[in-house]
Amino acid sequence: MLAFPWLIAFLAFVPACNLQQAVTDNKQNKIEITDMVGRKVIIPREIKKVYAAPYGAIILYTVAPDKLIKLDNSPGNQGGPGGPGGRQDKDKNKKIIAAAPDIILTNTQIDMDNDTVISAADRMQSELGIPVIVIDNRLAELAKTYDFIGDLLPEKEQAKLLAAYCRETFSEIKTAVGKIPEAERVRVYYAEGPTGLATDPAGTRHTEVLDFVGAINVAQVPSKIGPGQTPISVKQVKDWDPDVIIANRGQPADSRNFRAYVLSNPEWEDIKAVKERKVYDIPKQMFNWFDRPPSANRVIGVKWLANLLYPDYVRMDIKSETKRFYKLFYRYDLTDQEIEDLLSNSE
């Protein structure tokens with residue numbers, strides 16, 4: 001596992017500001033903004049500390065890490081269950097209130113309707129007495145989200161760079177995959193869980209990268225909104241017979257990576273992707289490039305997957321592009337060895 005120095009900074013709790021500083025209702029100290037689902041929210045004119053649910057926490061970190069409050073030791077423990085504004089236990093509420101963030105960021109998802117998001121955000125704001133702002137976590141809207149955060153904080157210079165990278169990426173990949181004939185579309189199985197026998201269908205927050213690059217998601221299963229990971233059987237994968245398998249494995253069934261696990265497992269050997277050795281582990285350091293959490297790293301994930309599936313149409317040096325992404329988004333210079341480790345079993 002990579003041990004990036006900036007990980008320590010991300011996991012550190014941001015010290016509280018001077019709690020003796022008075023916060024008044026003076027209009028000079030507060031402004032009204034409209035969040036990304038149309039809610040009017042009164043917020044402090046100066047924002048020094050922000051608490052964010054997991055997806056938003058990563059996005060915020062790429063813009064202004066010094067403003068991010070951490071309550072736990074894992075970025076995956078930032079928000080309550082059930083999506084934006086999910087029901088949180090009293091202990092976490094107390095921790096959030098004690099940390100005294102100026103605002104809370106939560107987010108919408110591609111598979112959640114805005115009414116649900118708005119209701120949850122309003123409830124959270126009422127329970128905690130802290131302004132709650134909803135940002136858009138849909139992959140195709142990330143450039144707008146960076147624009148919004150840049151104006152909100154304000155951190156316009158860095159946010160402008162990241163928004164431009166998103167727009168460049170999405171335009172480039174959309175144009176390239178738009179030229180691919182339907183007959184050349186690659187059929188992909190997205191493997192999740194310890195044995196790869198869970199998946200998600202098209203149209204969910206968990207498969208936005210796969211959908212964006214124009215691949216065919218073979219999974220014909222009902223969607224489990226929120227947590228996802230619909231259980232399936234090896235027989236179903238055999239029946240779908242995908243051209244490619246990409247894996248986002250949870251706790252491993254054994255110590256091997258998923259590619260090694262599947263390529264040596266006789267139960268999978270009759271599947272086309274396995275016979276042609278087109279089984280790939282999704283890069284996941286520091287954060288997953290595809291899903292869990294579906295956040296900023298999906299941007300480089302779009303380039304990686306489009307290049308992997310359609311190298312004749314999407315030509316790029318993914319190693320150089322990865323270095324560029326990490327430098328821009330995380331202010332970190334990857335070494336050649338870190339690049340090799342990061343992309344191990346992914347090419």
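**Exercise 1. How are α11 and α12 oriented to each other: roughly parallel or roughly antiparallel?**

Note that this is a predicted model.

Step 1. Locate the helices. Helix α11 covers residues 298-309, and helix α12 covers residues 318-330.

Step 2. Take the geometry. The two pack at an angle of about 175 degrees, and their axes lie 10 Å apart.

Step 3. Apply the cut-off. Angles over 145 degrees count as roughly antiparallel. So α11 and α12 are roughly antiparallel to each other.

Step 4. Find the contact residues. On the α11 side they are Val 299, Ile 300, Lys 303, Trp 304 and Asn 307. From α12 come Ile 318, Glu 321, Thr 322, Arg 324 and Phe 325.

**Exercise 2. Place Glu 208 in the structure and decide whether it is buried or exposed.**

Step 1. Find the element. Glu 208 lies in helix α7, residues 208-212.

Step 2. Check accessibility. Buried means under 20% relative accessible area. Glu 208 has 6% relative accessibility, so it counts as buried.

Step 3. Look for a polar partner. The Glu 208 side chain reaches the backbone nitrogen of Leu 139 at 3.0 Å.

Step 4. List the neighbours. Leaving out residues up to four places away in sequence, Glu 208 touches Ile 110, Asn 137, Arg 138, Leu 139 and Arg 298.

**Exercise 3. Trace the largest nonpolar core, starting from helix α5.**

Step 1. Assess α5. This helix spans residues 142-152 and is mostly covered, with eight of its eleven residues buried. Among them are Tyr 146, Phe 148, Ile 149 and Leu 152.

Step 2. Move to the core. It has 72 residues, and Leu 152 and Leu 305 touch the most other members. Helix α6, residues 156-177, gives the most to this core: nine residues.

Step 3. Inspect Leu 152. Beyond four places in sequence, its contacts are Ile 33, Ile 43, Ile 47, Ile 103, Leu 105 and Ile 133.

Step 4. Look for another core. A second, separate one has 19 residues, including Tyr 189, Ala 247, Tyr 261 and Ala 273.

Step 5. Set this in context. In soluble globular proteins, nonpolar side chains tend to be buried together.

**Exercise 4. Decide where to read the model with caution, using pLDDT.**

Step 1. Start with the whole protein. Mean pLDDT is 86, and 85% of the residues reach 70 or more.

Step 2. Find the weak stretches. pLDDT stays under 50 over residues 5-25. The value also stays under 50 over residues 73-88.

Step 3. Check their contacts. Beyond four places in sequence, the model has 40 for residues 5-25 and 46 for residues 73-88.

Step 4. Conclude. Where pLDDT is low, the predicted coordinates should not be read in detail.

How values were computed. Residues are numbered from 1 along each chain as its sequence is written. This is a predicted model: local features need pLDDT of at least 70, side-chain atom pairs count only at pLDDT 80 or more; totals for chains, interfaces and linings use all residues. Side-chain values use heavy atoms; hydrogens and water are left out. Helices (H or I, at least four residues) and strands (E, at least two) are DSSP runs, numbered from the N terminus. Buried means under 20% relative accessible area, exposed over 50%, partly exposed in between (1.4 Å probe, protein chains only). A polar contact is a pair of N or O atoms within 3.5 Å; within protein, one must be able to donate a hydrogen and the other to accept it, and residues adjacent in sequence count only if both atoms are side-chain atoms. Contact means heavy atoms within 4.5 Å. A nonpolar core is a set of buried Ala, Val, Leu, Ile, Met, Phe, Trp, Tyr and Cys residues joined through side-chain atoms within 4.5 Å. pLDDT is the predictor's confidence in each residue, from 0 to 100. Axes are lines fitted to C-alpha atoms, for helices over the stretch in contact, and angles run from 0 to 180 degrees between N-to-C directions. Angles under 35 degrees count as roughly parallel, over 145 as roughly antiparallel, 65 to 115 as roughly perpendicular and the rest as oblique.
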